[in-house]
Every structure is written in structure tokens, then in C-alpha cells.
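Student: Before I accept any of the labels attached to this model, I would like to see each one argued from its value and its criterion. Could we go through them one at a time?

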Amino acid sequence: MPRPQRRRHLSRPDPPALSLAPVHPIAALPPVPWQLTGNHWLSLPCIHPADGALHAVGVVHRGARAAIEFAGGGGFERGIAPALARPALFVDGRRTELSDEGIAWERALGWLPTFTCTVGSLIVRGTVFAPYGRDADMAGAVYTLAVENRGAAEVAVAVALEGVLGHRQQRVRTPRPFDDAHRVLRGADDVVVLEGSARPGLVALAAGADGAAVVEIGDAADAPSYSIRRELRVPAQGREQAAFYLAAGPERDGAEATVAVMRRRGWRELLSATRSALQALEQTTGSDAMDRLLNRNLFFAYFFAVARALDDAHYYLVRSRAPWHGRGVTVRDWEALAWTLPAVQLADPSLARELLLRACELHGYAPGRGEHYLDGTLFAPGFSLEGLASYAVAADRYIRDTGDDQVVEEPALADTLYQTSDELAARRDRTVPLFSTEVTPSGDPPVFPYTLHGNAVAALALDILRRTLDEETARDVEDPEAVRAAVRRHFAAERDGKPVLAASADLAGKLSLDDDPLASALWLPLYETIERQDSTYRRTVRGLGAEPRFLSQQCARIVGPDATAVLQWLRRAPLDNGVAAELVDAEGRAVGNGGDASLSGLLAYTLWYAVHALGVR
């Protein structure tokens with residue numbers, strides 16, 4: 001593919017002083033198997049399976065470099081706080097709890113939580129969704145309730161949305177509660193506003209019904225409450241529906257305005273647009289069970305590893321918006337570009353292009369230099385060879401899959417690729433064409449500074465740079481085949497008297513065979529370092545991940561010789577309520593850092609790749 005000539009990078013920032021990145025935190029799983037949904041603006045991570053209550057609403061705020069979350073009380077992710085917004089049902093004036101008879105859940109299209117419950121002769125169906133799609137994408141959510149009367153007489157029914165604002169927090173990794181008072185106010189047109197008392201505030205929420213409603217406000221000082229109630233008359237053998245709208249804004253006027261727009265467009269139109277948009281994102285493998293697993297994780301990565309900030313409307317890549325993941329909304333280049341972006345590209349190439357350029361704008365000034373806040377500010381220094389190489393690999397994948405080679409004309413990407421080339425040259429050993437790293441993709445230091453996985457990715461990046469940079473610069477780029485030959489030579493080791501490849505080396509004779517689960521030798525064929533059928537490769541990876549612990553390593557096994565067995569294991573694995581978790585047990589149950597949205601992207605893409613590229617069944 002012909003490449004246009006490239007200009008040299010004109011100004012390069014001085015590299016920051018580096019220190020070893022801390023071992024990343026592992027967060028425990030919440031005790032509640034939450035339902036969740038959301039769009040790029042709004043996350044709804046805590047929908048209680050017992051009664052359909054919303055316990056938290058989250059947004060991303062660029063100015064705060066953090067997630068901002070509203071909840072009924074502290075500890076909401078553990079299910080021990082009052083609900084922020086709970087549906088309530090009153091039949092002939094008597095309150096009936098939806099949880100009394102039990103409710104049954106389904107997920108439409110793998111992403112829209114819906115429930116059904118029976119109350120006497122009434123069938124109640126609820127759906128929670130965050131509008132998405134053309135003319136529907138906005139910082140809001142909709143809670144619809146349909147009441148079907150199977151009795152012989154008309155029934156007076158009231159449906160309500162009620163809740164408490166008892167907690168607001170800012171979270172990068174750990175939560176920091178806001179210290180100003182919580183306020184619940186009556187706005188115009190029967191809208192309820194939830195906000196803090198301090199000025200200026202960062203976020204306000206507004207809630208309203210789709211028709212005439214009775215609004216009540218509680219005045220408790222610490223945790224003010226509210227109720228929005230709609231009166232319905234459901235005829236015998238008939239059906240009535242009501243909806244409640246929830247919107248977020250940087251301040252109350254904007255939140256109220258979004259509720260007004262949602263009312264004008266109507267929940268039916270918003271739901272129809274959302275369903276159509278989600279259907280366009282779905283992927284197929286030929287297996288219903290595998291499709292459910294793939295699309296569940298694809299949608300989770302698409303909406304929880306990618307966010308639009310409430311205060312500037314730009315896209316940002318994060319590790320996960322789920323409040324129970326230990327890495328929070330920080331991000332590494334490798335996770336964003338090698339885990340999240342491939343999954344997004346499967347579903348939405350135009351968004352993938354925007355995210356690739358966005359990553360270059362925010363993080364490309366110092367590729368691979370460490371972990372970042374969502375806005376590109378350095379969070380924890382620690383050079384990663386894979387992070388450095390990930391920009392070239394991601395760009396090439398995008399061009400190969402879409403045919404859009406004009407993306408390299410974009411200054412942000414061009415500058416980042418030249419910066420990548422320069423930094424790779426600086427990391428090369430003086431005598432051997434291999435490259436050192438300070439930390440692995442996990443953020444932990446390797447046993448020795450020259451890693452097998454890192455140099456395999458670097459060789460692929462060099463191959464891409466030689467084809468992409470201007471002719472003069474490309475002549476000075478290291479020969480990737482020389483790097484691959486050096487890998488085979490300097491990582492050569494023995495196990496049980498037979499040749500294998502070591503995981504890391506010091507280039508002075510010392511080797512380590514300890515495979516890094518987040519940067520496993522299992523991935524080598526994907527980086528064109530070695531063939532899947534090569535005997536040395538098969539000996540090297542034999543037994544790796546046989547006792548599951550890290551889900552990323554199980555994803556890597558899909559590329560290796562045990563792909564069929566791993567796919568069968570994944571079909572049975574519960575994970576974290578169906579989405580990825582960093583740590584799992586032998587049966588695939590999540591045990592730590594659940595709700596891992598970036599890892600969900602890796603899982604979804606690897607499943608698709610195994611079926612469509614490797615032919616695994």
C-alpha cells in the first residue's frame with residue numbers, strides 16, 4: 001500500500017524522570033450481581049436484580065480527570081445503601097414491592113436490561129436503557145414500565161420513580177466523597193433536580209416523567225428524597241405504559257433541558273433508535289452461545305471503556321467505568337490501543353478512527369511512558385515497550401481492516417509515529433537489535449529488562465514504521481527481521497532438554513522462563529514472530545494458563561494450540577455476570593477486578609479473530 005511522504009516531528013518533549021510503577025490494585029467483587037447498561041455519556045453500573053432500583057449513575061468529567069458518581073448512599077456498589085432511583089407500584093392505592101414475587105431478567109441485544117414480574121392479575125415489564133444512535137445519543141437514561149391487566153375489571157395503578165440522594169463522589173481509582181450538602185429541588189415542568197450545594201458544581205441530574213405527574217420532595221438534611229408519580233387506569237385485558245427520564249448536565253439548566261428533549265422525542269422513538277444502533281454493532285460467529293458472550297463483552301467495552309466527558313463532549317479511553325475495578329478510569333496505551341480499540345473497530349470503524357486519533361492527541365506526546373489520567377496527564381511513570389509500539393500496531397490494524405490509509409495524513413498520528421520511531425531507537429541495545437523496557441503491560445517490572453513479548457511487538461511496529469514513514473526516515477529504522485532473529489537467538493533456552501523461548505533476558509546470559517500472564521508468549525503468532533505450528537513455540541507455551549487465573553492469559557490461549565478447549569471453557573465461564581474480570585478461578589468465575597471493560601474488548605476481539613481469522617470452532 002503506497003504511503004505519502006512524512007514530515008519530521010518538529011518539537012519533541014523531554015522525557016520525564018521515570019520510577020517504577022506501583023503494583024496495580026486488585027479490587028474485590030461487589031456482593032450483588034448487578035445488571036448494568038449505559039451509553040458513552042452515562043453509565044448505569046448498579047441496577048439491582050431484586051427490585052430494578054438504580055443505585056448509581058456515573059459520568060466522566062474531563063476537568064476533574066475522573067468519574068463523577070451519584071448514589072443513594074456510600075457503599076452503593078455493595079448494595080448496602082438506599083436506592084438513587086427505585087421504581088414503585090401502587091395498585092388501587094396499596095403499595096406493592098416489585099421484589100415481593102420475584103422478577104425475571106433478560107438482556108435485549110445483550111445490553112438492554114429488561115424484567116418481568118407478576119402482581120396479582122397484573123404483569124409488569126420494565127426496561128432500562130441509555131439512548132444511543134443517530135439523534136438519540138445524549139447524556140440521559142430512560143426507565144419504562146408497562147402494566148398489563150389480565151383481570152376482568154379495570155385497575156387504578158400508579159407507577160413512581162422515587163429515591164434518595166445521599167452520596168456524590170469523584171473517583172479516579174478510589175472514591176472521594178464531595179463534602180458539600182446534597183440538594184433535591186423541584187424544577188420546572190414537574191422535573192426533580194439532584195445536585196450539590198457548592199458553586200460551581202461539576203454535575204447535576206434531573207428526572208421527570210413522560211406525562212403529568214405528582215412530585216414530592218423530602219427535606220432530610222443529609223439525604224434528601226424525592227418521588228415522581230404517574231397515575232394510570234389499566235382496562236381489563238388492556239395495557240398502559242409510563243416512562244421516566246433521567247438526564248445529566250454540567251449544571252441544573254442543562255440537565256433539565258436534556259429531560260425536555262427526551263420528552264419531546266418520546267421514549268418509543270429513543271428505544272427504537274437505540275435498538276437499531278445496537279443491532280448494527282453486533283457481531284456473529286455462527287454459534288449462538290459464542291455470539292452472546294462476544295456481543296455482551298463487545299458492548300461493555302464499547303460503552304464502559306470509552307466515555308464522552310460531560311464538560312467537553314470529547315471521547316476518552318479508560319480502563320473501566322465500573323466502580324468496582326481497581327484501576328478505575330486511568331489508562332495505559334497498550335490497554336487502550338491493543339485491547340479496547342480492536343473491539344470498537346469491529347463494531348464501529350468510524351469511532352475507532354476517532355479514538356485512534358484521540359489517543360495520539362492525548363497520549364502520543366510521550367508514547368509508552370506510563371499510566372495516564374483520562375485526559376493524558378501522566379498518572380504513574382513507567383516505560384512500557386508494548387505501550388510505545390501499540391500506536392503503530394493500532395494504526396496498521398485500522399488501515400488494513402478499513403482501507404483508510406489517509407488516516408496517516410492526520411498530524412496527530414504522523415507525529416506520534418515519528419515519536420515512536422525515535423523512542424524505539426533510543427531504547428535499542430548498543431550491540432544487539434533488541435529493546436529494553438522498564439515495566440510490562442501490567443505495570444510491574446519484568447525479571448530482566450529485555451522481554452520476549454515486548455520485542456515481538458516492537459518488531460511488528462518496526463515493520464509498520466518502515467512502510468509508513470517517509471523514505472529517508474524509513475531507511476534508518478531497524479530491520480524487523482534482524483530483531484526477530486535476535487529474539488530467536490538471545491531468548492533461546494531449554495526445558496527438559498528441548499529448545500524453548502525465555503520470557504525475559506539481560507543479554508548477558510541470564511534468562512527467565514516466567515511467562516507474564518498479561519504479556520504472554522502465547523501471543524507471538526499474532527505479532528508475526530513465529531508460526532502457530534512451530535515446535536519451539538508449542539513447547540514454549542505448553543501448559544501456560546492451564547490453571548486459569550488471569551483472563552488475559554486465557555484470551556492469549558485462543559491464539560495458541562489449545563484454542564478449541566479454551567473456547568469451550570469460555571462458553572461455560574460465568575465471569576463477572578458475563579463480562580470480563582482480570583482475575584478468575586478455574587471455572588471462570590470472577591474473583592478480582594471485575595467489570596474490566598478494556599479486557600472485555602480483548603475478549604470480544606479474540607473470540608472474533610479465532611473464528612474468522614484462525615478458523616477455530
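Student: How many salt bridges are there, and what makes a pair count as one?

Tutor: In this predicted model, the count comes to 39 salt bridges. A pair is counted when a side-chain nitrogen of Lys or Arg lies within 4 Å of a carboxyl oxygen of Asp or Glu.

Student: Why is the contact between Arg 86 and Asp 51 called a salt bridge?

Tutor: The N to O distance between their side chains is 2.1 Å, and because the criterion asks for a nitrogen and a carboxyl oxygen within 4 Å, the pair qualifies. Arg 86 belongs to strand β5 (residues 86-91), whereas Asp 51 sits in the loop between β2 (43-47) and β3 (56-61), so that the bridge links distant parts of the chain, 35 residues apart.

Student: How do you know whether Arg 86 and Asp 51 are buried or partly exposed?

Tutor: Arg 86 has a relative accessible area of 22%, and since buried means under 20% and exposed means over 50%, Arg 86 is partly exposed. Asp 51 has a value of 13%, which places Asp 51 among the buried residues.

Student: What makes Arg 168 and Asp 180 a salt bridge, and where do the two residues lie?

Tutor: Their closest N and O atoms are 2.7 Å apart, and the pair therefore meets the requirement of lying within 4 Å. Arg 168 is in strand β12 (residues 167-171) and Asp 180 in the loop between β13 (175-177) and β14 (182-186), 12 residues apart. Arg 168 has 5% relative accessibility and counts as buried, and Asp 180, with 17%, is buried as well.

Student: Why does the pair of Arg 319 and Glu 582 count as a salt bridge, and which parts of the chain does the pair tie together?

Tutor: The N to O distance is 3.9 Å, and because the limit is within 4 Å, the pair is counted. Arg 319 lies in the loop between β21 (315-317) and β22, and Glu 582 in the loop between α13 (563-572) and β30 (583-584), so the bridge ties together parts that are 263 residues apart in sequence. Both residues are buried. They also belong to one network, joined by salt bridges that share partners, whose members are Arg 173, Arg 319, Arg 327, Arg 332, Glu 335, Glu 371, Glu 582 and Asp 596.

Student: What makes β22 and β24 edge strands?

Tutor: The open sheet has 3 strands in the order β22-β23-β24, with antiparallel pairing. β22 (331-332) and β24 (378-381) each have a single partner strand, so one side of each is left without a neighbour in the sheet.

Student: How do you know that β23 and β24 pair?

Tutor: Pairing asks for at least two bridges, and strand β23 (residues 370-372) is joined to β24 by 3 bridges, the two running antiparallel. Within this pairing, Gly 370 stands opposite Pro 381 in β24.

Student: Why are β26 and β27 called paired, and what is found between them?

Tutor: There are 4 bridges between β26 and strand β27 (residues 498-501), which run antiparallel, and the pair therefore satisfies the requirement of at least two. The bridge partner of Ala 493 in β27 is Val 500. The hairpin has 2 residues between the strands, and Asp 496 takes a positive phi near 55° there.

Student: What makes a positive phi or a cis peptide bond worth marking?

Tutor: Most residues other than glycine have a negative phi, and most peptide bonds are trans. Arg 65, in the loop between β3 and β4 (66-71), has a positive phi of about 55° although it is not a glycine. Asp 92, in the loop between β5 and β6 (94-96), likewise has a positive phi, of about 50°. The peptide bond joining Arg 199 and Pro 200 is cis, with omega about -5°.

Student: Why is Arg 495 called partly exposed, and which residues share its charged patch?

Tutor: Its relative accessibility is 31%, and because partly exposed lies between under 20% and over 50%, the label follows. Arg 495 gathers with Lys 498, Arg 538 and Arg 542 in a patch of positive charge on the surface.

Conventions: Residues numbered from 1 in each chain as written. Predicted model: local features only at pLDDT ≥ 70, side-chain atom pairs only at ≥ 80, totals over all residues. Heavy atoms only, no water. Patch = residues over 30% accessible without salt bridge, like charges linked within 9 Å, V, L, I, M, F, W, Y side chains within 5 Å. Areas by Shrake-Rupley, 256 points an atom, 1.4 Å probe, with all protein chains shown as cover. Lys, Arg positive; Asp, Glu negative; His and termini not counted. Charge placed at Lys NZ, Arg CZ, Asp CG, Glu CD. Buried < 20%, exposed > 50% of the residue type's maximum accessible area, 1.4 Å probe, protein only.
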